[in-house]
Amino acid sequence: MAAITPVPRDSNLYCYKGFCFLKEIMSPEFIDSLQDFKIRDDDVFLITYPKSGTIWSQQILSLICSEGHRNGTEKIETSERVKWFEFRALNPDVDYNSCPSPRLFVSHLSETLVPRGLKNTKAKVIYVMRNPKDVMNSFYRFQDISVLTAKSQDFHQFFEKFLDGEVFAGKWFDHVRGWYNHKDAYNILFLKYEDMIKDLRSVVKQISTFLALKLDDEAMDIVVKKASFKQMKNDPLANKETLPENIIDKRFGSFMRKGQVGDWKNVMTVAESEIFDKLFHEKMGDLSLNFTWEVDE
Ligand code: A3P
């Protein structure tokens, strides 16, 4: 087994194979076992680094794939339709191997940790990314409600932890780079949070085309409406309201916080931003990936 290393500034996490896991929720043995999970050609995996728009994309995927969700005839939580692949504790009674096709999964796993069978198959991967300054800000604010991780005293302390990868899921740079560099091995669609903010309808169209699911205009209107920030914030089925209190402390906020591009400016200093830009250039400069950092760019 690969080495398990402690995470200096968060005793609730451990690092394994370049990823930081929550001690209470996942063991290394379980993580290793996921690599042998049997993939079907019609599986769909939605993959994100945390705070990149995961539940938003989960909602969109669920709405596109399920008429019962669109027309409101089925009252099922989004997280039951698009199941957490590695957080099995959230669907404890479900045998993922015998779920009917097409199976929809959501995951934060890095490219090196997903099932081996996902490579070179027809199974689909949708990878959603977000500009890392907003990811960092959203992650920082998330510590107010996240019970299972250590709280930083201030943003600067979190900034350093984030850059060192001492947060759940490890380094943002490694996650995005890993998936992007290995894109040719997967049947993968890359999406950006900021494009979803700018023109959600086009992104919904992109996803449905990728999934070969044709939606008429009326269905498309419903998806866009039900995936709006305002609707999702008030939709208990989309908003992870049933997450147990030992995971999320709802008294201090929700997954649906602000939903904007550029909110990092309200917390990051100019000096921090410059340090980040330099690092971003060093680590990602060779990739053809452009991010939108503010809305009026
Ligand atoms: P903020 O904290 O910046 O508001 P994740 O689901 O990966 O944890 O990501 C959470 C982030 O996605 C939060 O960002 C949340 O507000 C944002 N989000 C969720 N649903 C959204 C929607 N419908 N429109 C825009 N942003 C959304």
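The ligand sits in the largest pocket of this predicted model, where sitting in a pocket asks for more than half of the molecule's atoms to lie within 2 Å of the pocket's grid points. A pocket here is an open set of points on a 1 Å grid over the protein atoms alone, with protein on both sides within 12 Å along at least five of seven lines, while a cavity is a set of points where a 1.4 Å probe fits but cannot get out; lining residues have an atom within 4 Å of a point. Residues are numbered from 1 along each chain as its sequence is written, and side-chain values use heavy atoms, with hydrogens and water left out. As the model is a predicted one, local features need pLDDT of at least 70 and side-chain atom pairs count only at pLDDT 80 or more, whereas totals for chains, interfaces and linings use all residues.

Around the ligand there are 19 residues, and Thr54, Ser138, Arg257, Lys258 and Gly259 come nearest; to count as near, a residue needs a heavy atom within 4 Å of the molecule. By class, this shell has nine nonpolar, six polar and four charged residues (Ala, Val, Leu, Ile, Met, Phe, Trp, Tyr, Cys and Pro are nonpolar, Asp, Glu, Lys and Arg are charged, and the others, Gly among them, are polar). Ligand oxygen atoms make polar contacts, meaning pairs of N or O atoms within 3.5 Å. One such oxygen is 2.6 Å from a side-chain N or O atom of Ser138, and for the side chain of Arg130 the distance is 2.9 Å. The backbone joins in too, with a polar atom of Gly259 at 2.7 Å from a ligand oxygen. The protein covers 97% of the 570 Å² of accessible area that the ligand has on its own, by the Shrake-Rupley method with a 1.4 Å probe. Helix 2 (54–65), helix 8 (193–198) and helix 11 (229–233) each give two or more residues to the shell, and helix 2 has the largest share, at three. These elements are DSSP runs numbered from the N terminus, with helices (H or I) of at least four residues and strands (E) of at least two.

As for the pocket itself, its volume is about 850 Å³, taken as the space filled by probe spheres set on grid points that are joined across faces, edges and corners. Its lining runs to 47 residues, and Lys51, Thr54, Ile55, Phe142 and Phe255 lie nearest the centre. That lining splits into 29 nonpolar, 10 polar and eight charged residues. Lys51 also has a positive phi of about 70° despite not being a glycine, and it lies in the loop between strand 4 (44–48) and helix 2.

The second largest pocket has a volume of about 340 Å³. Of its 15 lining residues, Arg81, Pro100, Pro102, Arg103 and Leu104 are the closest to the centre. Helix 2 turns up again here, along with helix 4 (78–81) and strand 6 (104–107), as elements giving two or more residues to the lining. Pro102 follows a cis peptide bond from Ser101, with omega near -5°, in the loop between strand 5 (82–84) and strand 6. For context, most residues other than glycine have a negative phi, and most peptide bonds are trans.

There is one cavity of 30 Å³ or more, and about 50 Å³ of space lies in the largest cavity. Its lining includes Ile55, Gln58, Glu77 and Lys240, and helix 2 and helix 4 are the elements that give two or more residues to it.

Definitions and conventions: Polar contact = N/O pair within 3.5 Å; in protein donor to acceptor, adjacent residues only side chain to side chain.
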